[in-house]
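Hi,

Here is the structure I promised to pass on. Have a look at it first, and then read on for what turned up when I went through it.

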Amino acid sequence: MNDFAPYSTFNLSAYRSGALQVSHGANLGDALSFADELVLDDTYFLKSNALKARLSVVPGRTGAFTIAQRSDVGCAGAALHLDSCLTFMSPDGRTTEMLVLVEVDEAGDVAEVYALPLSPLMAKTDLTLVGIDKESAHTKLAEIACVSFTSGTRITMATGEQRRVEDLRVGDRVLTRDDGPQVLRWVGQSTVRALGEFAPVLIKAGTMHNADDLIVSPEHRLFVYQRTDELGAGRAEVLIKARDLVNGRTVVQLDGGFVEYYQLLFDDHQIIYAEGIAAETLLADMRTSPALPDELAKRLETGALRHSDRSYLDFSLSTFELAEGDVTQLLRRASTG
């Protein structure tokens with residue numbers, strides 16, 4: 001099976017290693033590094049002037065990544081390895097997980113280390129390193145990539161029935177935009193802390209012609225047919241991530257508590273209808289495969305599950321391609337002509 005084409009680029013919001021520094025412990029004064037150089041019980045702090053940057057990445061079949069063109073940080077074409085998942089504890093006892101990614105140069109030497117926190121970090125707050133896990137990092141990243149509906153979301157079935165996502169079962173027939181009724185092959189479920197990369201996005205009723213509120217994971221892409229090209233995309237059909245629609249009014253991110261997510265998988269990557277909005281189903285690729293059951297992951301690895309052949313990626317708009325202003329208003333106008 002071939003590596004994925006360059007248009008399968010995804011964006012991560014990450015800190016450079018120098019943004020986090022050891023204030024107490026064996027590595028006093030050092031910046032964050034990769035797992036083999038870290039020492040448990042070292043205490044870090046996030047510098048007050050630290051800013052996240054867009055790290056654009058292309059997944060490869062071997063589990064490694066490549067830094068994409070137009071990435072805000074890193075050298076385009078350089079290899080990027082997902083090193084580990086770290087766990088930090090703050091003075092109040094709360095824990096924060098952080099993915100560590102390592103950029104290497106052509107000689108195989110470390111060029112930069114990046115930190116991807118899975119929940120928000122507060123500047124100048126002590127963060128004591130209490131866990132170093134080199135096994136779960138790919139699964140954690142996959143969980144972010146697995147587009148998900150929240151419990152209570154009504155899905156349009158082949159019969160026209162509106163059924164709650166938590167009531168769906170393998171074998172059910174769901175209405176798809178392009179292929180009519182299709183059989184549901186897998187339903188995933190997870191309950192996570194609704195913070196940072198896992199905080200769901202609420203699209204309030206009526207915002208995108210949805211009959212009721214729709215709440216999805218931040219990476220979930222919605223399908224819009226533009227009667228007029230308000231976004232300047234150069235095409236009528238576009239897919240836009242929920243996180244890129246957030247405007248603080250009609251589309252908001254819900255931080256706090258826990259959220260129950262559901263993932264829907266078909267033989268092909270599909271567009272289905274959730275609360276009346278056309279939205280994608282789970283795309284099985286080398287980024288999401290660690291979150292899939294072993295049987296499905298093996299089918300993907302051997303090429304038996306070929307979502308890359310029909311993944312709608314040509315329709316996807318990245319953040320830097322979007323027009324200025326309130327994207328939701330532009331899309332609403334575009335879809336009504």
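The exposed surface of the protein comes to about 15,000 Å², and carbon and sulfur atoms supply 46% of that. Please keep in mind that this is a predicted model. Of the 337 residues in the protein, 51% are buried. In secondary structure you'll find three helices and 23 strands. If you take the contacts with a separation of 6 or more, 63% of them are between residues 24 or more positions apart.

Let's start with two of the helices. Helix H1 covers residues 137-145, and its buried residues are Ala-137, Lys-140, Leu-141, Ala-142, Ile-144 and Ala-145. What do they pack against? The buried residues of H1 pack against strand S1 (10-16), strand S5 (65-67), strand S6 (79-89), strand S7 (95-104) and strand S8 (110-117).

Helix H2 runs over residues 294-302, with Leu-296, Ala-297 and Leu-300 as its buried residues. These sit on the same side of H2, because they cover an arc of only 100 degrees around the axis. Turn to the face of H2 that points away from the buried side, and you meet the exposed residues Asp-294, Glu-295, Lys-298, Glu-301 and Thr-302. As for the buried residues of H2, they pack against strand S15 (186-193) and strand S21 (258-265).

While you're in that part of the sequence, look at Thr-288, in the loop between strand S23 (277-280) and H2. Is Thr-288 buried or exposed? With a relative accessibility of 3%, Thr-288 counts as buried. A polar atom of the Thr-288 side chain lies 2.8 Å from the backbone oxygen of Leu-283. If you leave aside neighbours within four places in sequence, Thr-288 is in contact with Ala-142, Ala-145, Cys-146, Leu-282 and Leu-283. Two of those names should ring a bell: Ala-142 and Ala-145 are among the buried residues of H1.

Next, the charged pairs. Side chains of opposite charge can pair when their charged atoms come close. The count here is 14 salt bridges. One of them joins the side chains of Arg-54 and Asp-72, at 3.1 Å from N to O. Arg-54 belongs to strand S4 (residues 53-59) and Asp-72 to the loop between S5 and S6, so this pair ties together parts that are 18 residues apart in sequence. Arg-54 itself counts as buried, at 18% relative accessibility, because the cut-off for buried is under 20%.

Another salt bridge links Arg-94 with Asp-92, where the closest N and O atoms are 2.8 Å apart. Here, Arg-94 and Asp-92 are both exposed.

Then there is the salt bridge between the side chains of Arg-163 and Glu-161, at 2.9 Å from N to O. Arg-163 counts as partly exposed at 22% relative accessibility, and Glu-161 is partly exposed too, with a relative accessible area of 35%. Elsewhere, Glu-197, Glu-219, Lys-241 and Arg-243 are joined into one network by salt bridges that share partners.

Now for a pair of strands. How enclosed is strand S18 (residues 221-225)? Four of its five residues are buried, so S18 is largely enclosed by the rest of the structure. S18 pairs with strand S19 (residues 237-241) in the antiparallel sense, over five bridges. Within that pairing, Tyr-225 has Glu-237 of S19 as its bridge partner.

Last, two loop residues whose backbone angles caught my eye. Asp-41 has a phi near 80 degrees, which is a positive value in a residue other than glycine. You'll find Asp-41 in the loop between strand S2 (20-24) and strand S3 (43-46), and at 57% relative accessibility Asp-41 counts as exposed. His-209 also has a positive phi without being glycine, near 65 degrees. The loop between strand S16 (201-203) and strand S17 (214-216) is where His-209 sits. His-209 is partly exposed, with a relative accessible area of 41%.

That's everything from my side.

Cheers

Methods
Residues numbered from 1 in each chain as written. Predicted model: local features only at pLDDT ≥ 70, side-chain atom pairs only at ≥ 80, totals over all residues. Heavy atoms only, no water. Buried < 20%, exposed > 50% of the residue type's maximum accessible area, 1.4 Å probe, protein only. Arc of directions from axis to C-beta. Contact = heavy atoms within 4.5 Å. Areas by Shrake-Rupley, 256 points an atom, 1.4 Å probe, with all protein chains shown as cover. Salt bridge = Lys/Arg side-chain N within 4 Å of Asp/Glu carboxyl O. Pairing = 2+ DSSP bridges. Polar contact = N/O pair within 3.5 Å; in protein donor to acceptor, adjacent residues only side chain to side chain.
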